[in-house]
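Trainee: I have a new model open and would like to learn how its features get their names. Could you take me through it?

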Amino acid sequence: MRKIILSILGVLLIIGGFFGAKAIVDNKKSFKPKAQKVVKTVITEVVQNGTVPIVVPANGNLVAKNRVELYSEVQGVFRKGSKLFKTGERYNKGESIIRIDASEYAASVQSAKSNLYNQLTSIMPDLRLDYPEFFPKWQTYLSSFDMARPTPELPEMNSEKEKFFISGRGILTSFYNVKNLEQRLSKYRISAPFNGVLTETLVTEGTLVRAGQKLGEFINTDVYELEVAVSKTFSDLLQVGEKVALSAMNDAKTYTGTVARINGRVDQASQTIKAFIEVNDGTLREGMYLEANLDAKQEIDAIEVDRNLLLEGDKIFVVRDTILDIIDVKPVYFTDKKVVLKEVPDGTVIMSKPLLGAYTGMAVKVYQEKANTEG
């Protein structure tokens, strides 16, 4: 009897549990979150067309405007001077940079001058007897003849008789031979053509220098030139004498240069033209990399915006009553960050900053409107 009662109670508990669970399931409410519509915020500006300066960026390395490659025209041993022949050594104009031993050659010059002096001395008695009117000026010339100084020019000969007499005695031949030797003797000394500094040295004191051998390089550090390549599109807009803003990479300092020369030929490979910008500043050094901004022209009825706002197919986003739309534009000039646009109506509200995921018909909220003061 007891087992029957327990069995009935067990069945009742199972049936009660089933209906209880069903009641709980039926009464359970499911909460689903409502999808909220997200409206993104855009930064805009109102278009006001104006004049936009077209600035052409260019870059290059500085090169000294005045530079001299030092070559030897004679042979001899390189002698030590008042300053070391080393890179970075400065010389003033007229100061000796290189001295080559010329003792042997100088002796031959003195020998030729002595021969000329002897010839002049030998003609004086005959000149005094035959042409006494010419004697005084030749006597004065002979008195001023100094073996330790450069040979003076011969007296001016106005008479045919005088010319024939002097030439017939071999004076003219000896004189020009001496001048030729003196001219070559001067090549044993190379002096600075301007104030500057040695930037390259290829020999040292005591080296045997040969004719035609390169000895070094000397530059003027006062004036430099920057060679830049400009698109042929703007070649007719550049003017000699135009001011150019220059800047060095990672350097806040700016320099002012002047367009000194413009090449008349277009490079066939790159379709660019070379322009040379002259700049003068004591802090500059040859080889420095500079960037230049050339004012090419003024584009009227245009605006300038970030380049990443221009869409494929020459379109940009505009905002019409909080809804994004696109319009066609005409880009006329590109830089690495900016683009100059035309055919954008005044008063059009355009995006001034790109918006990720933007599309036509997208609802947006305008964060800020500002008048376009560019141009």
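Mentor: Happy to! Two strands pair if DSSP finds at least two bridges between them, and strands (E, at least two residues) and helices (H or I, at least four) are DSSP runs numbered from the N terminus. This is a predicted model, where local features need pLDDT of at least 70 and side-chain atom pairs count only at pLDDT 80 or more, while totals for chains, interfaces and linings use all residues. Residues are numbered from 1 along each chain as its sequence is written, and side-chain values use heavy atoms, with hydrogens and water left out.

Trainee: What is the order of the strands in the open sheet of four strands?

Mentor: The order is β3-β10-β8-β5, with antiparallel pairing. At its edges are β3 (67-71) and β5 (90-91), each pairing on one side only.

Trainee: How do you know that β8 and β10 pair?

Mentor: The rule asks for at least two bridges, and four bridges join β8 (residues 196-201) to β10 (residues 214-219). For instance, Thr201 stands opposite Gly216 in β10.

Trainee: Why is the pair of Tyr117 and Phe145 called tilted?

Mentor: Rings of Phe, Tyr and Trp (its six-membered ring) pair if their centres lie within 6.5 Å; planes under 30 degrees apart count as stacked, over 60 as edge-to-face and the rest as tilted. Here the centres are 5.4 Å apart and the planes stand at 45°, so the pair is tilted. Tyr117 lies in helix α2 (residues 103-130) and Phe145 in the loop between α3 (135-144) and α4 (160-168), so the pair ties together parts that are 28 residues apart in sequence.

Trainee: And what makes the pair of Tyr141 and Phe145 edge-to-face?

Mentor: Its planes are at 75° and its centres 6.2 Å apart, so the pair is edge-to-face. Tyr117, Trp138, Tyr141 and Phe145 form one aromatic cluster.

Trainee: Which of these words fits Phe145, buried or exposed?

Mentor: Buried means under 20% relative accessible area, exposed over 50%, and partly exposed in between (1.4 Å probe, protein chains only). Phe145 has 8%, so it is buried. Tyr141 is buried as well, at 5%, whereas Tyr117, at 32%, counts as partly exposed.

Trainee: How do you know that Lys179 and Glu153 form a salt bridge?

Mentor: A salt bridge needs a side-chain nitrogen of Lys or Arg within 4 Å of a carboxyl oxygen of Asp or Glu. In this pair the closest N and O atoms are 4.0 Å apart. Lys179 lies in helix α5 and Glu153 in the loop between α3 and α4, so the bridge ties together parts that are 26 residues apart in sequence. Glu153 has a relative accessible area of 56%, so it is exposed, while Lys179 is partly exposed at 25%.

Trainee: Which residues do salt bridges that share partners join into one network?

Mentor: They are Lys113, Glu153, Lys179 and Glu182. Glu182 lies in helix α5 (residues 171-185) and, at 15% relative accessibility, counts as buried.

Trainee: What makes the charged end of Lys83 sit over the ring of Tyr91?

Mentor: The rule asks for NZ of Lys or CZ of Arg within 6 Å of the ring centre and within 35 degrees of the ring normal. The charged end of Lys83 is 5.2 Å from the centre of the Tyr91 ring. Arg261 likewise lies over the face of Phe276, at 4.3 Å from the ring centre.
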